[in-house]
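Thank you all for coming; I would like to take a few minutes to walk through one structure, beginning with its sheet and then moving to the helices and the core. Please have a look at the sequence and the model before I go on.

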Amino acid sequence: MDFKYLPNLPIALAMTRHARERAAKRHISNLDLDFIIAFGRVISNGGATFFFLGKDDIPLEYLKEYAKLEGSTVLVSGKGRIITLYKNKNGSRQIKKKLKWHLGQRARGGSKNAI
């Protein structure tokens, strides 16, 4: 990877079989994954980490080449494995809503495994 700067730390992550299948189905290369992780917003939620790449997260010098990745999310487990990846332009908002919903379930005596 030859990016000019990396806001997030470059880390080597293993992928689950599910994540490899999703990446192949969505035509997301390893370089694309590196880009999402390097420049995406980091949102921690329930022991997992989401890397969400919004339009504003893509540096101008890479916008033309990587605009197709806008709205991409990479979900990484607490053990450092990529669990899945998906695309949703409202992903950042959705991730935060999920956390609030799960916390609400716990507060009301919901399942301990909710998160």
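Before I describe the sheet, let me say that two strands are taken to pair if DSSP finds at least two bridges between them, and I should also say at the outset that what you see is a predicted model.

With that in mind, the five strands form an open sheet, in which the order is S1-S5-S4-S3-S2 and the pairing is mixed. Strand S1, at 14–15, and strand S2, at 41–45, are found at the edges with a single partner strand each, so one side of each has no neighbour in the sheet. As general background, strands of a sheet pair through backbone hydrogen bonds, in either a parallel or an antiparallel sense. In our case S2 and strand S3, which covers residues 48–53, are antiparallel and share five bridges, and within this part of the sheet Ile43 stands opposite Phe50 in S3.

If we step back to the whole protein chain, there are four helices and five strands, and from the N terminus on they run β-α-α-β-β-α-β-β-α.

Now to the helices that lie across the sheet. Helix H1, residues 17–25, lies across S1 and strand S5, running at about 30° to S5, whereas helix H2, residues 30–39, lies across S1, S2, S3, strand S4 and S5, and runs at about 100° to S3. H2 is mostly covered, with seven of its 10 residues buried, and among them are Leu33, Phe35, Ile36 and Ile37. What do the buried residues of H2 pack against? They pack against S1, S2, S3, helix H3, S4 and S5.

This brings me to the largest nonpolar core, which has 20 residues, and in which Phe35, Val74, Ile82 and Leu85 touch the most other members. The elements that contribute two or more residues to this core are H1, H2, S3, S4 and S5, and H2 gives the most, with six residues. To take Val74 as one example, and leaving aside residues up to four places away in sequence, its contacts include Leu33, Ile36 and Ile37, as well as Phe50, Ile82 and Leu85.

Finally, for the chain as a whole, buried residues make up 39% of the 115 residues, and the accessible surface comes to about 7400 Å², of which 52% belongs to carbon and sulfur atoms.

How values were computed. Residues are numbered from 1 along each chain as its sequence is written. This is a predicted model: local features need pLDDT of at least 70, side-chain atom pairs count only at pLDDT 80 or more; totals for chains, interfaces and linings use all residues. Side-chain values use heavy atoms; hydrogens and water are left out. Contact means heavy atoms within 4.5 Å. Axes are lines fitted to C-alpha atoms, for helices over the stretch in contact, and angles run from 0 to 180 degrees between N-to-C directions. A nonpolar core is a set of buried Ala, Val, Leu, Ile, Met, Phe, Trp, Tyr and Cys residues joined through side-chain atoms within 4.5 Å. Buried means under 20% relative accessible area, exposed over 50%, partly exposed in between (1.4 Å probe, protein chains only). Accessible areas come from the Shrake-Rupley method with a 1.4 Å probe; for residues, only the protein chains shown count as cover.
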